[in-house]
Each structure stands twice: as structure tokens, then as C-alpha cells.
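Biologist: Mind walking me through this one? I'd like to hear what stands behind each label you use.

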Amino acid sequence: MWCSHKKFMQCLCILNLLLVTIYGIIKSGYDEKRRVKFILNKRIKYYTKVSFKLIMLIALALFIIGGIFLLKYQLVCEVYVAGESIGFIKDKDSLEGQIQEILDKEGTDNIAFVELSDIPEYKLAFVSKNKELNDTEVLAQIEDSVKITYEYYAVTLNGKEQAVVASLEDAEKLVSEMKKEYKDSVKFSIGINKLHSENGEDYTPVTVAKAEKKVTQELQKMEGSSVNGVYLAQKPITGIITSRFGSMESIRSFPHNGLDIAAPYGTKIKSATEGKVSFSGWQGSYGNLVIIDCGNGVKIYYGHCSKLLVKVGTKVKAGDILAEVGSTGNSNGNHLHFEIQINGVSVNPQNYIYK
């Protein structure tokens, strides 16, 4: 029994020793860990301070360099159009505002369209403060690339422009007044043409009063050169009058019912007015003859032609070529027999043309 007690005590001592040893190892490791952590924290604080000082030094250096740079240079916008640099400006927003003002002109002051073919592009750039910026020149170059189309309205008589006014309302008012005033005195066609100009210099619009005066003058002229409302707008040929209306000559046994105008053989004969060819062929003493039915009972005869160039049924207007001067039929030389009839009765052409 004593031996058993002795063994127990020995085991207890060994266990105690083992526990003491384990504790020592653990404590030693813990102390080492605390020591490492302490050293690490100390180094972190050191390098943090060093890094902060370095960053501050770099920032100060950059601030000084930046200050010196800004004293010598300025930040601006470089403007490009179609990929090409056209200059430097200080204020991009100001330039774009001026460009927008130009584009906003569309629909005002006879401006029909405003087109900017190339949109400006911008890039930031540093340039010397001694460099002069050219905002005005840049805007001028952009304006040169802007296409402005102006719109006007022309009042026409028988297809010919008489006066240009600024607005459609003015043109319509003038046309309405002229139609009302002259509808019973002369046969005419009055209308409105829309005109476009890219530079605004092709046309000079006038006031309604001036336009009305010009159109009225032309209508009065037409009225004075109209046969029963049919306007004789074109002299058939230029030549010498060799026989007048009503003259008595040996070549005929009755008063002359037309006007003879001498001209070289083959001279082109133009229609005096618009109408429709009612006859084209040979007719007795007239020789080769063209008759134009002008409406309102008016017919015009073109006689003694060498060649006929139109057919029956053809519609013609003033200035169209009808035939060529000759000496066919009852004639003693190359000339045009020009005769006007109203409801079958011949009248003196010189009351209306070749005055």
C-alpha cells in the first residue's frame, strides 16, 4: 500500500512539472507576440510619419511648380472646324451662345434656312499668357461656313418678274388688287414666284406701294398694247414698214388690211402673243400663211412666209417662232404681212404695236 502511494505522488509531480513547462512555453510565446506587435506598431508609426512628410513635400513642390506654370500659361479652348484648328478662345460657352444666335435667325428677316455644315469641336490647351486670343476671328470663320438662305416673293405678269416683295402676304395682296382692277380691260396672267438667295444680294425687295406702282405701269402698258384684251407682247420682226394699214397701192384693188414690214429672206417670225394655231398653209394672195387664234374674237395673220414652222392645233406663246420671212402669194419683195382681226374685221395694228 505504501508503494502505491509513492507511485501516485511521483505521477503527480510529473504532471505538475509538465503543466509548469506548458505554461512557460505558452507565456513565453505570448510575450514574444506582444513584443513583435509592439515593434511592428512602432515601425508603422515611423513610416507613416515619413510618408506623410514626403507627400507634403511633393504636394508643396507641385503647388510651387503649378503656381509658376499658371503665372506663365493660361488654360483655354482650342477650336477645330472640319478637323482643322482655327484658333484659341477663352470662353467656350460665350462662343456657342453667339453661334446659337446665328442659327436662331432662321424664320426671321426673310431668312428661310440657316445651315452650319461643320459643328465646331473644342480641346483644352495651355498657351502662353502672352499669346493673344482671337475669339472674334474664330467666330468670323465659323460665320463664313454658315449657309444662310433668304426667301422673297416675285409678282409676275405673263411669266415675267415685275417686282420683288419681302412677304407672301404682300405679294398676295398686290395680286388680288391687280386682278380686281384690270380683269375687264386686259387679258393677262399674274402670279407669284418664291425666290431663294444664298447671300441675300440677288434680289432687292421693295415696299408694297413701289411694287404696286411698277405692276400698274406694266399693266397700263399692256392695256395700251392690247387688242380686245389680248396683249401684244412681242414684235414679230424688226424691219422697215413699207405699207401701212388702209393704204391704196397698185398691187391691190382695195385698201390694205394689214401692215407690211420688210426684212431679209428667212428672218424668223415670232408670235406677237399667246394663242393657238388655227391655220398653217397656203391661202391665195397671202401665200404661205399662219393664223393664230388669240381668244376674245382676236385673230392674227402672218402672211407671205417662205417657210411655215408650226402646225394647226399648236399652242404658242409670245416670242415663239412661227415661220420665216418670204415673198409668196401676192407680193413684190421679202416682207411680213401682219394683220389683226377682231371678230372678222381688220383693225390697224399700229394702234397696238409698231406705234
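**Helices across a sheet**

Modeller: Sure. Helix H3 (residues 135-144) lies across E1 and E2, and runs at about 140° to E2. Keep in mind that this is a predicted model.

Biologist: What makes H3 lie "across" E1 and E2?

Modeller: Contact here means heavy atoms within 4.5 Å, and H3 is placed across those two strands, E1 and E2. Helix H2 (residues 92-103) lies across E1, E2 and E4, at about 140° to E4.

Biologist: Which strands make up the sheet, and in what order?

Modeller: The order is E2-E1-E4, an open sheet of three strands with antiparallel pairing. Strand E2 (84-89) and strand E4 (121-128) are the edge strands. From one strand to the next, the twist averages 35°.

Biologist: Why are E2 and E4 called edge strands?

Modeller: Because each of them pairs on one side only.

Biologist: How do you know that E1 and E4 pair?

Modeller: Pairing takes at least two bridges between two strands. Strand E1 (residues 73-81) is joined to E4 by eight bridges, so the two count as paired, and they run antiparallel. Tyr73, for instance, stands opposite Ser128 in E4.

Biologist: And the whole protein: what share of the residues counts as buried?

Modeller: Buried means under 20% relative accessible area, and 34% of the 355 residues count as such. The protein has five helices and 19 strands. Its accessible surface comes to about 22400 Å², with 56% belonging to carbon and sulfur atoms.

Key
Residues numbered from 1 in each chain as written. Predicted model: local features only at pLDDT ≥ 70, side-chain atom pairs only at ≥ 80, totals over all residues. Heavy atoms only, no water. Helix = DSSP H or I, 4+ residues; strand = E, 2+ residues; numbered from the N terminus. Axes fitted to C-alpha atoms, helices over the stretch in contact; angles between N-to-C directions. Buried < 20%, exposed > 50% of the residue type's maximum accessible area, 1.4 Å probe, protein only. Areas by Shrake-Rupley, 256 points an atom, 1.4 Å probe, with all protein chains shown as cover.
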